[in-house]
Amino acid sequence: MPKPLEINQILNATGDPATGQKNVWQAQLSQKELSDLGALVQSQENLSFPQHCGCFKPPGGLCHEGNCRRTSCVDCHGVCSGSDCQKPICPEHSFYLELPGRPKMRLCRSCYGKTLRRHRTFMVVKTVLSPFVRFEK
Ligand SMILES: [Zn+2]
Ligand SMILES: [Zn+2]
Ligand SMILES: [Zn+2]
């Protein structure tokens with residue numbers, strides 16, 4: 001094997017400024033070597049690494065649920081649709097809630113619990129009140 005004359009590495013990474021954790025998602029490795037015949041041969045390799053979600057796509061963002069800090073791709077990463085939450089969440093920490101007459105919501109764990117509880121209370125109140133409503137008619 002001829003010894004490489006030059007090796008170049010270009011790493012495409014995203015980092016979390018809070019933790020300093022780096023996530024390399026693309027790498028370009030190129031190498032120059034002298035062949036047996038004395039010619040300069042350059043080879044290049046492009047590598048992609050999957051995001052936490054398993055997709056080979058650019059990173060979408062870090063999960064802020066607990067200490068997850070995992071990076072999902074642009075398609076899988078999302079934010080909690082809780083009214084004043086907007087927490088960035090990975091698919092693993094996303095909870096989906098579909099309430100009648102409303103579009104499907106993607107929520108973090110605590111907002112999911114809160115929304116579900118609020119909705120249940122609402123349903124209970126509605127059932128309790130309905131006989132009165134009917135009576136007044
Ligand atoms: Zn993905
Ligand atoms: Zn997560
Ligand atoms: Zn939330």
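## R69 and the β4–β5 loop

R69 counts as partly exposed because 16 other C-beta atoms lie within 10 Å, which is above the limit of 12 for an exposed residue and below the 20 required for a buried one. The structure described here is a predicted model. R69 is placed in the loop that links β4 (59–62) to β5 (71–73). Its backbone is marked by a positive phi near 55 degrees, in a residue other than glycine.

## Q86 and the β6–β7 loop

A positive phi of about 55 degrees also occurs at Q86, which is not a glycine. Q86 belongs to the loop between β6 (78–79) and β7. With 13 other C-beta atoms within 10 Å, Q86 is partly exposed.

## P91 and the β7–β8 loop

The loop between β7 (88–89) and β8 (95–97) contains P91. P91 has 18 C-beta neighbours inside 10 Å and therefore counts as partly exposed, since burial requires 20 or more.

Beyond its neighbours within four places in sequence, P91 is in contact with C53, S72 and C76. The C-alpha atoms of P91 and G78 are 7.6 Å apart in space, with a separation of 13 residues in sequence.

## Nonpolar core and the contacts of C90

The largest nonpolar core has 8 residues in all: L62, C63, C80, I89, C90, L107, C108 and C111. In soluble globular proteins, nonpolar side chains tend to be buried together.

C90, one of the members of this core, has contacts outside its neighbours within four places in sequence with H52, C53, C63, C68, R70, S72 and H77. C63 is itself listed in the core. C53 and S72 appear among the contacts of C90, and both are also contacts of P91.

## The three-stranded sheet

Strands β1, β2 and β3 form an open sheet in that order, with antiparallel pairing. Its edge strands are β1 (4–15) and β3 (40–48), each of which pairs on one side only. From one strand to the next, the twist averages 10 degrees. Strands of a sheet pair through backbone hydrogen bonds, in either a parallel or an antiparallel arrangement.

The antiparallel pairing of β1 with β2 (residues 22–34) extends over 11 bridges. Within this pairing, N8 has S30 of β2 as its bridge partner, and L11 stands opposite A27 in β2. The antiparallel strands β2 and β3 are joined by 9 bridges; here Q28 has N46 of β3 as its bridge partner. The hairpin of β2 and β3 has 5 residues between the strands, and G38 in this hairpin adopts a positive phi near 90 degrees.

## Overall composition of the chain

The chain comprises 1 helix and 9 strands. Read from the N terminus, the order of elements is β-β-β-β-β-β-β-β-β-α, so the helix follows the strands under the numbering of DSSP runs from that end.

Of the 137 residues in the chain, 15% count as buried. Among contacts between residues at least 6 apart in sequence, 33% join residues at least 24 apart.

Methods. Residues are numbered from 1 along each chain as its sequence is written. Chains are lettered from A and ligands numbered from 1 in the order in which they are written. This is a predicted model: local features need pLDDT of at least 70, side-chain atom pairs count only at pLDDT 80 or more; totals for chains, interfaces and linings use all residues. Two strands pair if DSSP finds at least two bridges between them. Helices (H or I, at least four residues) and strands (E, at least two) are DSSP runs, numbered from the N terminus. Axes are lines fitted to C-alpha atoms, for helices over the stretch in contact, and angles run from 0 to 180 degrees between N-to-C directions. Two residues are in contact if their C-beta atoms, placed from the backbone, lie within 7 Å. A nonpolar core is a set of buried Ala, Val, Leu, Ile, Met, Phe, Trp, Tyr and Cys residues joined through C-beta atoms within 7 Å.
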